[in-house]
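Work through these exercises with the model open beside you. Try each task before reading its solution.

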Amino acid sequence: VECRIPAVVGGALEVPLVTGGRIGYANLDHAASAPCLESVQTAVNELLPWYASVHRGAGFASQVCTRVYEEARGKLLDFVGARRTDSVIFTRNTTDSLNLLGRALPRGTSVVVFDTEHHAALLPWTGPRVRRLPAPETPAGAVAALDAALADCPEGPRLAVITGASNVTGELWPVADLARVARRRGARTVLDAAQLAPHRPVRITELDVDYVAISGHKLYAPFGAGALVGRADWLNAAEPYLAGGGATRLVQEASVSWTTGPERHEAGSPNTVGVHALARACETLAANWTHVVEHEESLLHRLRAGLRDVPGLRELCLFDADHDRVGVVSFTVDGRDPGLLAAALSAEHGIGVRDGLFCAHVATRRLLSRAGSDSDRAVRVSVGLGTTNEQVDRFVNALRWLVTQGPSWNYEQVDGRWTP
Ligand code: PMP
């Protein structure tokens with residue numbers, strides 16, 4: 001396997017500028033959805049002519065698709081370093097995976113979750129046995145808080161919800177330490193790896209977590225597939241997540257018996273192309289980790305160094321400025337509206353970033369207040385395999401210009417969004 005920085009498609013896209021002309025598009029919103037890898041595009045192109053129904057078809061193309069779909073489970077197991085006994089259930093995305101797990105918990109499970117989680121990890125757990133912990137000050141504080149909360153849980157099954165990397169600050173959580181205290185307190189752990197898995201290797205067995213949730217579209221495979229990987233027992237004992245064809249063993253006039261195994265939760269025709277794309281993205285990343293991590297670290301270093309010179313800029317940090325992180329930076333600039341900055345970066349400079357609270361409302365508000373910001377929203381810029389040094393420099397220069405000189409166009413708010 002050739003070892004290099006994996007290439008993405010769309011690098012040559014040009015977008016119109018409100019000030020006239022066109023410019024190469026700088027997609028600095030990888031944390032929302034990453035561009036498609038070239039290897040994924042090839043894989044999809046190879047499969048599409050063979051595209052046919054999986055599992056139920058007797059024809060040759062159906063057999064090809066069934067094989068591709070089932071082989072993808074093994075590739076996902078490899079990618080997240082899972083136990084060979086773990087289940088791989090294909091879903092739409094991380095949100096879907098975590099909701100599936102939420103529905104599969106044994107009755108009376110206590111759940112402990114930090115309230116700083118992305119909504120996908122915060123909201124799928126309901127009932128009186130859900131305990132939300134406030135944002136910790138330090139990684140060690142997070143471990144101590146989880147330990148104390150789990151010690152306090154009533155008898156019965158327990159689940160700790162852990163995030164690999166924050167989608168607001170990019171900061172890495174101390175996953176192995178959190179999993180260790182959870183294990184000691186008899187709790188299982190689920191890792192929201194939506195932001196971690198595209199940037200760093202995730203090894204279930206080394207981290208000793210029980211479940212991992214990922215999204216294909218953040219892993220450079222933008223075809224609507226995700227996965228929940230983890231221990232099969234709770235999943236096999238739970239009611240099917242979706243009721244329908246493919247999840248049943250036998251249906252009679254007045255009864256239904258469900259299959260066990262991943263199909264139990266995958267009723268309906270599956271997203272074979274998406275799953276194939278996801279598996280190929282996983283293989284590509286796994287073969288090139290050293291280059292992926294080096295590339296992103298150098299971009300992040302360049303980005304943060306450039307941002308230091310922007311007057312009035314406050315970076316959001318949960319732990320501290322030196323804490324290890326993936327390529328995500330959120331910030332505000334004193335006296336500047338984050339939505340207007342994001343709109344002007346796009347309209348005048350062809351740079352795509354994001355503003356708002358990033359589906360982590362509690363977390364982002366808390367971070368804004370910790371940063372002493374006067375704003376109720378932030379700007380987020382995130383880099384990855386589609387990002388170049390030139391784009392980072394263009395972004396930093398454009399931001400500095402907008403902050404010091406102001407936008408060169410007029411904007412008005414339409415439905416809450418700044419529009420040129
Ligand atoms: N968790 C984190 C940390 C995320 O960043 C995201 C996506 N922003 C999600 C969960 C949800 O992922 P998806 O929208 O693909 O379900």
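**Exercise 1. Place a glycine.** In which helix is Gly306 found?

Solution. Gly306 is found in helix H10, residues 289-307. Helices (H or I, at least four residues) and strands (E, at least two) are DSSP runs, numbered from the N terminus. Next, take its burial class. Count C-beta atoms, placed from the backbone: 20 or more others within 10 Å of a residue's own make it buried, 12 or fewer exposed, and anything in between partly exposed. Gly306 has 16 other C-beta atoms within 10 Å, so it is partly exposed. Finally, take a distance. Gly306 and Ala121 are 185 residues apart in sequence and 32 Å apart in space, C-alpha to C-alpha.

Two ground rules apply throughout. Residues are numbered from 1 along each chain as its sequence is written. This is a predicted model, in which local features need pLDDT of at least 70 and side-chain atom pairs count only at pLDDT 80 or more, while totals for chains, interfaces and linings use all residues.

**Exercise 2. Check the confidence.** What pLDDT does the protein average?

Solution. Start with the scale: pLDDT is the predictor's confidence in each residue, from 0 to 100. The protein averages 96. Of the residues, 99% score at least 70. Then read the model scores: ipTM is 0.99 and pTM is 0.97.

**Exercise 3. Describe the ligand shell.** How many residues surround the ligand?

Solution. Apply the cut-off. A residue is near a molecule or strand if its C-beta atom, placed from the backbone, lies within 6 Å of it. For the ligand, 14 residues surround it. The closest are Asn93, Thr95, Asn167, Ala194 and Ser215. Now sort the shell by type. Ala, Val, Leu, Ile, Met, Phe, Trp, Tyr, Cys and Pro count as nonpolar, Asp, Glu, Lys and Arg as charged, and the others, Gly among them, as polar. The shell holds four nonpolar, nine polar and one charged. Last, look for helices. H3 (94-104) and H4 (119-122) each supply at least two residues of the shell.

**Exercise 4. Order a sheet.** What is the order of the strands in the open sheet of seven?

Solution. Trace the pairs. Two strands pair if DSSP finds at least two bridges between them. The order is E4-E10-E9-E8-E7-E5-E6, with mixed pairing. E4 and E6 (130-133) stand at the edges with a single partner strand each, so one side of each has no neighbour in the sheet. The twist averages 20° from one strand to the next, with axes as lines fitted to C-alpha atoms (for helices over the stretch in contact) and angles running from 0 to 180 degrees between N-to-C directions.

Check two pairs. E4 and E10 (residues 226-230) are antiparallel over five bridges, and Thr91 stands opposite Gly226 in E10. E7 (residues 158-163) and E8 (residues 188-192) are parallel over five bridges. There, Ile162 stands opposite Leu191 in E8.

**Exercise 5. Explain an enclosed edge strand.** Why is E4 largely enclosed by the rest of the structure?

Solution. E4 covers residues 87-91, and five of the five are buried, so the strand is largely enclosed. Take one face: Ser87, Ile89 and Thr91 are buried. Take the other: Val88 and Phe90 are buried too.

**Exercise 6. Repeat for E14.** Which residues point each way from E14?

Solution. Val328, Ser330 and Thr332 point one way, and Val329, Phe331 and Val333 the other. Six of the six residues of E14 (residues 328-333) are buried, so the rest of the structure largely encloses this strand. Now find its partners. E13 (residues 313-315) joins E14 through three antiparallel bridges. Here Glu315 has Phe331 as its bridge partner. E17 (residues 378-382) joins E14 through four bridges, also antiparallel. Phe331 stands opposite Val379 in E17.

**Exercise 7. Classify two positive phi values.** Is Tyr220 buried or exposed?

Solution. Tyr220 has 30 C-beta neighbours inside 10 Å, so it counts as buried. This residue lies in the loop between E9 (211-215) and E10. Its phi is positive, about 70°, although it is not a glycine. Turn to Asp415. Phi of Asp415 is near 50°, again positive in a residue other than glycine. Asp415 lies in the loop between E18 (412-414) and E19 (417-419). With 5 C-beta neighbours inside 10 Å, Asp415 counts as exposed.
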